[in-house]
Amino acid sequence: MWVKALDLLLSKMKTSGFNFSRVKALSGTGQQHGSVYWKSGAAATLQELQPDKTLYEQLKDSFSVPDSPIWMDSSTAAQCRQLEEAVGGAQKLADITGSRGYERFTGNQIAKISQNNKAAYENCERICLVSSFAASLFLGNYAPIDHSDGSGMNLLDIRERKWSPQCLQTCAARLEEKLGQPVPSFENLGSISAYYADRYGFSPDCKVIAFTGDNSGSLAGMRLQGGDIAVSLGTSDTLFLWLQQPRPALTGHIFCNPVDGDAYMALLCYKNGSLTRERVRDSCAGASWEKFSQALQSTPMGNNGNIGIYFDVQEITPSAVGVHRFNSADQKVDSFPSEVEVRAVVEGQFLAKRAHAEMLGYTVGCNTRVLATGGASSNTSILQVLSDVFNAPVYILDTANSACLGCAYRAKHGWLGSSKVSFQEVVQGAPEYKLAVTPNSSAKQVYDPLVGRYKRLEDQVARQ
């Protein structure tokens, strides 16, 4: 399906008159964690693509596993536990690979296939992530996995930026030779396959820069710098962090940074995002965002010590569910007045994000910027709470398709030469973020103690 989609895309672009010869370099992004299994002999087919035939015609029989496991697969709990036990526990695995064992992570998916479908595993000569698979199609040869997307496999030692021998041995036999050696995310992999020059008119000198995962591509597209936090406020909320000194934990993920070979990025995902805010809006503010904002403005920072934890559905970070309200004495209560409930849901969500970010090694400093995207980033009252909780200015930028945009930036970075120019130099002409709000002068005094209180209460909820 993915191969045929590339055929269709390039054919439509050619029909529309797109001038492929002007493309100097390309990169791309793929769904993180998914995997593709090339069968023995497929490399020869890739290297000898015939320009009078589609990719689909030539590659449809090149895979030992016809259906790729993707991030939605959660069938590998047993393999996760095996891997954690082999390295000395969940925290030890997180220390090595940036995350505890997760069912969707590629190493555990590979382990399951090697255990349950031995013939398919034995007949596989190369395992790609979705990103390196797509790069391979353009390169006409197996493309290496990049450090950043490779961090989502439970296999890469994120500090050494090499495969962990212990993790490889636990997951499957001869796994290193099937994966190849990982490379920096801005690596120039070489020139595009002659197939694309002959069939579509690409320049033979067009370079292919390492592809990466969708979350890593988004960090590049949002142009994060050292000290920045990006918060995507959508159906689910996502937090991106730029880290220099990571502290892996049992919640969240730490990946190698896709634009800086010495830095890291952290990712935290929350299922209870805008749908939870909308439920409270409907029940406490007459389904009106205007009244919701008025409630936020009419209540004090810190909500007089009241804290709410709102997990309408099973949360990821932490693994817990239910609505939990606490008064200023940390006693559970059944309800809050409407305006207190409104502030409690917004403050609670942002206190959680700051607490978890600090657990992973992030420190709010004088140069911290919060970059907000997503639907709720248009609500100034919500952004004011975000700014106050983090004691940092909040900026907004409407960046559509940020992962794809990030890969265009990365293609230019790799083409110019990552050793010659920094990523920041590559993006310096991009549109500026717009300052939305700044923190109140007393925000630090109010929220610093609340972050610790929130974390203790959340731990209490998670243990129930």
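**Exercise 1. A salt bridge within one helix**

How many residues apart in helix 20 are D459 and K455, and about what part of a helical turn separates them? Determine also how accessible each partner is.

*Solution.* The model under study is predicted.
Step 1. The interaction itself is a salt bridge between D459 and K455, with the closest N and O atoms 2.4 Å apart.
Step 2. Both residues belong to helix 20 (residues 443-463) and are four residues apart, which means that about one helical turn separates them.
Step 3. D459 has a relative accessibility of 30% and therefore counts as partly exposed. K455, at 16%, falls under the 20% cut-off, so K455 counts as buried.

**Exercise 2. Salt bridges between elements**

For the pairs R369–D228 and E341–R325, identify the elements that are tied together.

*Solution.*
Step 1. The side chains of R369 and D228 form a salt bridge with an N to O distance of 2.8 Å. R369 is part of strand 17 (residues 369-373) and D228 of strand 10 (residues 228-233), so this pair ties together parts that are 141 residues apart in sequence. D228 counts as buried because its relative accessibility is 2%.
Step 2. E341 and R325 meet in a salt bridge of 2.9 Å, N to O. Here helix 16 (residues 338-359) contributes E341 and strand 15 (residues 322-326) contributes R325, so the parts tied together are 16 residues apart in sequence. Both of these residues are buried.
Step 3. The structure's salt bridges come to 16. A network of them links R354, E358, K444 and D448.

**Exercise 3. The two largest pockets**

Describe the volume and lining of the largest pocket and of the second largest pocket.

*Solution.*
Step 1. The volume of the largest pocket is about 1000 Å³. Its lining consists of 34 residues, and those nearest the centre are W71, R104, C269, K271 and I316. Two or more lining residues come from each of helix 13 (214-221), strand 13 (264-270), helix 16 and helix 20. Helix 20 gives the largest share, four residues.
Step 2. For the second largest pocket the volume is about 660 Å³. Of its 26 lining residues, L6, L9, S27, F138 and F211 are the closest to the centre. Helix 1 supplies the largest share of this lining, with six residues.
Step 3. The composition of each lining can be tabulated.

| Lining | Nonpolar | Polar | Charged |
|---|---|---|---|
| Largest pocket | 10 | 14 | 10 |
| Second largest pocket | 22 | four | no |

**Exercise 4. Enclosed space**

How many cavities of 30 Å³ or more does a search of the whole structure find, and which residues line the second largest cavity?

*Solution.*
Step 1. The search finds three such cavities.
Step 2. The largest cavity holds about 110 Å³ of space. Its lining comprises 13 residues, with F311, G348, Q349, A352 and Y454 closest to the centre. Strand 14 (307-311) and helix 16 each provide at least two lining residues. By class, the lining has six nonpolar, five polar and two charged residues.
Step 3. The second largest cavity, of about 40 Å³, is lined by Y102, R104, G252, H253, C269, I316 and T317. Three of these residues are nonpolar, three polar and one charged.
Step 4. Compare the linings: R104, C269 and I316 line the second largest cavity, and these residues are also among those nearest the centre of the largest pocket.

How values were computed
Residues numbered from 1 in each chain as written. Predicted model: local features only at pLDDT ≥ 70, side-chain atom pairs only at ≥ 80, totals over all residues. Heavy atoms only, no water. Salt bridge = Lys/Arg side-chain N within 4 Å of Asp/Glu carboxyl O. Buried < 20%, exposed > 50% of the residue type's maximum accessible area, 1.4 Å probe, protein only. 1 Å grid on protein atoms, 1.4 Å probe; cavity = no way out; pocket = protein on both sides within 12 Å on 5 of 7 lines; lining within 4 Å. Points joined across faces, edges and corners; volume = space filled by probe spheres on them. Nonpolar A, V, L, I, M, F, W, Y, C, P; charged D, E, K, R; others polar.
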